[in-house]
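Trainee: I am new to this one. Can we go through the terms and how each is decided?

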Amino acid sequence: MPHQVHSLGHVPISDHSFSADRSQLALARDISIEIYDTGSKYNLKTTLSGHDKTVTSVDIAPHSGRIVTCSQDRNALVWEPSPDGTYKPTLVLLRINRAATYARWSPDEKKFAVGSGARAIAVCYFEEENDWWVSKHIKKPLRSTVLSVSWHPNSVLLAAGSTDSHARVFSTFIKGVDARPEPTIWGDRVPFQTLCGDFVSPAGGWVHDAAFSPSGNALALVTHDSSITIVYPSGPEQPPAAVVNVSTTLLPFKSLVWLSENEIIAAGHDCHPVIFTGSDQSGWVLDHSVDDPNEAKKNATSRENTALNMFRQMDLKGTPQTSVDDASLPTIHQNTITKLRPYAVSGGRVNSVSSTGVDGRVVIFDV
Amino acid sequence: MALDFRRIDIDALDPENNIEPEYLIPPSIANLPPLSVAEIQSIGQSIRGSLSRGDHFGALQAALDQPPYTSSEDIKKIHLATVLELLSTIKSSDMSRVVEKLSSEQRDTLIKYLYKGMSLPETHGISGVLLAWFEKVTEIAGLGAIVRYLSDRRTV
């Protein structure tokens, strides 16, 4: 299963998003968003400039094709695609006084949530009378920057990971925009800003990413203590049925994707993804690494092990090692992976994920 | 008389920014009662007892289970002295075997004690021992244990 690798420059990529048919890729890079045509080679189609500071997040809505971007300049822009391939930006007044860190469309694409450093999440919806996007804030229990937001399949519940070490589940029900949701295991009556769950990892640390399982009945969070925690709630206002924590010997993860109800892929500072498997009954374990650096080291071809080569290497590099290429990492990504997104789904399971990171590469891993 | 308004730290005056000290205590140890000097010394006695009976592993397990996270600094220092004495007594040939048998949480606690031991000037005589232990633990627990030491607010 060869993984697709695209090296698109050296500038770090903050976030990426593929269009629904995977024919276009939007990359958030520095202060602009680059739109690429995909194919065997990725070609730059257009660059969207509208932000004054680093763009921190980009998300393409699968059905409508609208792009939401947010940036450290405290703004979010919604880009409408026009038939001739250009995009028209609309400013969204988030009313925050710090950087926006993460933006995601809800599954029904009527709202989007923006996490920010202003200790608030701005949930934005389109108001027809005024013909513009309005934001409502979730502030109450948040004590620090929101690093990630993730929607439940019912488009009302939102999971937010924050630097105050808590992952929280909020209700973002907005009268007039959302239909009354079916009761879920997280709660029945859910007015706006209701806190449906608040979770921490045992050894603390920033919550880099939190995501609901495909059914919405479990929540996974990756924290800076190099561990992943999976929460199975039992009912509203009750302690969870199970909280499973898997500590790893690796560096912390920055992003996670549920492949199915029983598999999670996570990636971060170790520059390669790792897969966890398990369930609420049997617990979770680290299953295997994708793009394993140990495998790569074993398979690395070594140059002739002659004495001449050994002394040549000692003169050149200072160590007699000839078989390890110390100039680059053994993994495909050469720097931290910051975002993972599902790429292809088949048979109810995500079969490949796309990843981007600080090294400016886009890699599609088959899992 | 004009107020130097440009130098006012407006964020410090914002009432929303005040965090109560109780908020910073991790929820998992919020209800752990602080230990008294007598209690921590009796724990130390039982550990030394196991050690004299030759049960090195049992002594280390007892020392690393339930560290006095919520006790005062003096109590923590007493327990630290017990742990360091224990670590110096266990032979270097036994180190790997003992570390392998510890649970993941006990290894994380051991790393915390090693770092605390290395930070005190009084212990620089046994620094070789501490470094040897550190090497053995990181061989098994990897970088994750070190990152957990850095992010964990439960300090020994």
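**The contact of chain B and chain A**

Trainee: How many salt bridges does the rule find across the interface of chain B and chain A?

Mentor: Zero. The rule asks for a side-chain nitrogen of Lys or Arg within 4 Å of a carboxyl oxygen of Asp or Glu. This is a predicted model, where local features need pLDDT of at least 70 and side-chain atom pairs count only at pLDDT 80 or more, while totals for chains, interfaces and linings use all residues. Residues are numbered from 1 along each chain as its sequence is written, chains are lettered from A in the order in which they are written, and side-chain values use heavy atoms, without hydrogens and water.

Trainee: What makes a residue part of the contact?

Mentor: Heavy atoms within 4.5 Å. By that rule, chain B brings 20 residues and chain A brings 21.

Trainee: How do you know what area is buried between chain B and chain A?

Mentor: Buried area is the accessible area (1.4 Å probe) that two parts lose on being put together, summed over both. Here that comes to about 1,400 Å², with 47% from carbon and sulfur atoms. In chain B, Tyr23(B), Val147(B) and Arg148(B) lose the most area to chain A, together 35% of what that side buries.

Trainee: Which helix of chain B gives the most to the side that touches chain A?

Mentor: Helix H7, residues 127–151, with eight residues. A helix is a DSSP run (H or I, at least four residues), numbered from the N terminus.

**Domains of chain A**

Trainee: Where do the bounds of the domains come from?

Mentor: An automatic or database domain assignment. For chain A, domain 1 is 12–291 + 337–366 and domain 2 is 292–330. Their C-alpha centres lie 40 Å apart.

Notes. Helices (H or I, at least four residues) and strands (E, at least two) are DSSP runs, numbered from the N terminus.
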